[in-house]
Amino acid sequence: MDNAARQSPAGLSTTPSWLLNQTAGHAARLLSEGFAAHDLRGYHYRLLATLAEDGPASQADLGRRCGIDRSDVVAAINDLAGRGLVVRAPDPADRRRNVISATDAGADEARRMGVTLERVQADLLAPLSAAEREQLTRLLTRLLHHHSRH
């Protein structure tokens with residue numbers, strides 16, 4: 001039993017919500033440390049990965065697809081543009097909007113960060129077999145879909 005579990009009441013430390021919360025904290029720390037090696041954060045990866053998968057998008061659409069608040073999208077895009085990882089250009093269909101595209105360097109960085117993400121997942125899930133990892137992913141996906149609908 002780890003320190004957090006020993007310091008919590010037994011009735012709490014065996015509840016799925018508490019266990020999920022504690023594990024999510026470890027996952028966030030591992031991911032933050034992994035992405036820090038790139039001098040970037042998780043929301044940078046979400047934006048770069050979305051652009052790499054789906055192609056150019058308006059700032060607003062990119063924010064919606066990534067689940068990032070509009071003001072945070074602007075700040076993150078400014079960071080990424082300053083590093084040469086994305087470019088911002090007026091939308092030819094509506095000059096009031098900007099279209100964001102990943103540069104070649106941005107696509108490369110998204111791939112490198114994806115490798116980091118895979119390494120973090122392996123570290124986080126190290127005590128589980130491949131079958132258990134798949135089962136955990138299925139169960140968490142079911143829970144997330146259920147609660148996302150409400």
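This is a short tour of a predicted model, going from one selection to the next.

**Stop 1: helix H4**

Start by selecting residues 42-54, which form helix H4. The helix has 13 residues, and from its first C-alpha to its last it reaches 18 Å, close to the 18 Å expected at 1.5 Å a residue. Now show the side chains and look for the buried ones: they are His44, Tyr45, Leu47, Leu48, Ala49, Thr50 and Leu51. As you look along the helix, keep in mind that residues three or four places apart point the same way, because an α-helix has 3.6 residues a turn. Step just past the end of H4 and you come to glycine 55, whose phi is positive, near 85°.

**Stop 2: the nonpolar core**

Keep H4 on screen and add Leu62, Ile77, Leu80 and Val86. Together with Leu47 and Leu48, these are the residues with the most contacts inside the largest nonpolar core, which has 20 residues. Which helices each supply at least two residues of this core? They are H4, helix H5 (59-66), helix H6 (70-82) and helix H7 (104-124). H4 gives the largest share, five residues.

For a view from one member of the core, centre on leucine 80. Setting aside its neighbours within four places in sequence, leucine 80 is in contact with Leu40, His44, Leu47, Leu48, Leu85 and Val86.

**Stop 3: an aromatic pair**

Next, pick out phenylalanine 35 and tyrosine 45, both of which are buried. The model has one aromatic pair, and you are looking at it: the ring centres of phenylalanine 35 and tyrosine 45 are 5.4 Å apart and their planes are at 35°, so the pair is tilted. The two partners are 10 residues apart and link distant parts of the chain, with phenylalanine 35 in helix H3 (residues 16-36) and tyrosine 45 in helix H4.

**Stop 4: the strands**

Switch to a cartoon view and colour strand S1 (residues 57-58) and strand S3 (residues 94-102). They run antiparallel and are joined by two bridges. Serine 58 is found in S1, and it stands opposite valine 99 in S3. Is serine 58 buried or exposed? Serine 58 is buried, with a relative accessible area of 11%, which falls under the 20% cut-off. Beyond its neighbours within four places in sequence, serine 58 is in contact with Arg97, Asn98 and Val99.

Now add strand S2, residues 86-91. S2 pairs with S3 in the antiparallel sense over six bridges, and a hairpin of two residues joins S2 to S3. To find one of the rungs, select valine 87 and its bridge partner in S3, serine 101.

**Stop 5: arginine 88**

Stay in S2 for the last selection, arginine 88, which lies in this strand. Arginine 88 is partly exposed, with a relative accessible area of 33%. What do you find when you show its contacts, leaving aside neighbours within four places in sequence? Arginine 88 is in contact with Gln59, Val74, Ile77, Asn78, Asn98, Val99 and Ile100.

Two of these partners deserve a distance label. The side chains of arginine 88 and glutamine 59 are joined by a polar contact of 2.9 Å, and a polar contact of 2.9 Å also joins the side chains of arginine 88 and asparagine 78.

Finally, zoom out and draw a line from arginine 88 to leucine 40. These two residues are 48 residues apart along the chain, and their C-alpha atoms are separated by 19 Å.

Conventions
Residues numbered from 1 in each chain as written. Predicted model: local features only at pLDDT ≥ 70, side-chain atom pairs only at ≥ 80, totals over all residues. Heavy atoms only, no water. Helix = DSSP H or I, 4+ residues; strand = E, 2+ residues; numbered from the N terminus. Buried < 20%, exposed > 50% of the residue type's maximum accessible area, 1.4 Å probe, protein only. Contact = heavy atoms within 4.5 Å. Polar contact = N/O pair within 3.5 Å; in protein donor to acceptor, adjacent residues only side chain to side chain. Expected span 1.5 Å × (residues − 1). Pairing = 2+ DSSP bridges. Core = buried A, V, L, I, M, F, W, Y, C linked by side-chain atoms within 4.5 Å. Phe/Tyr/Trp six-rings, centres within 6.5 Å; stacked < 30°, edge-to-face > 60°.
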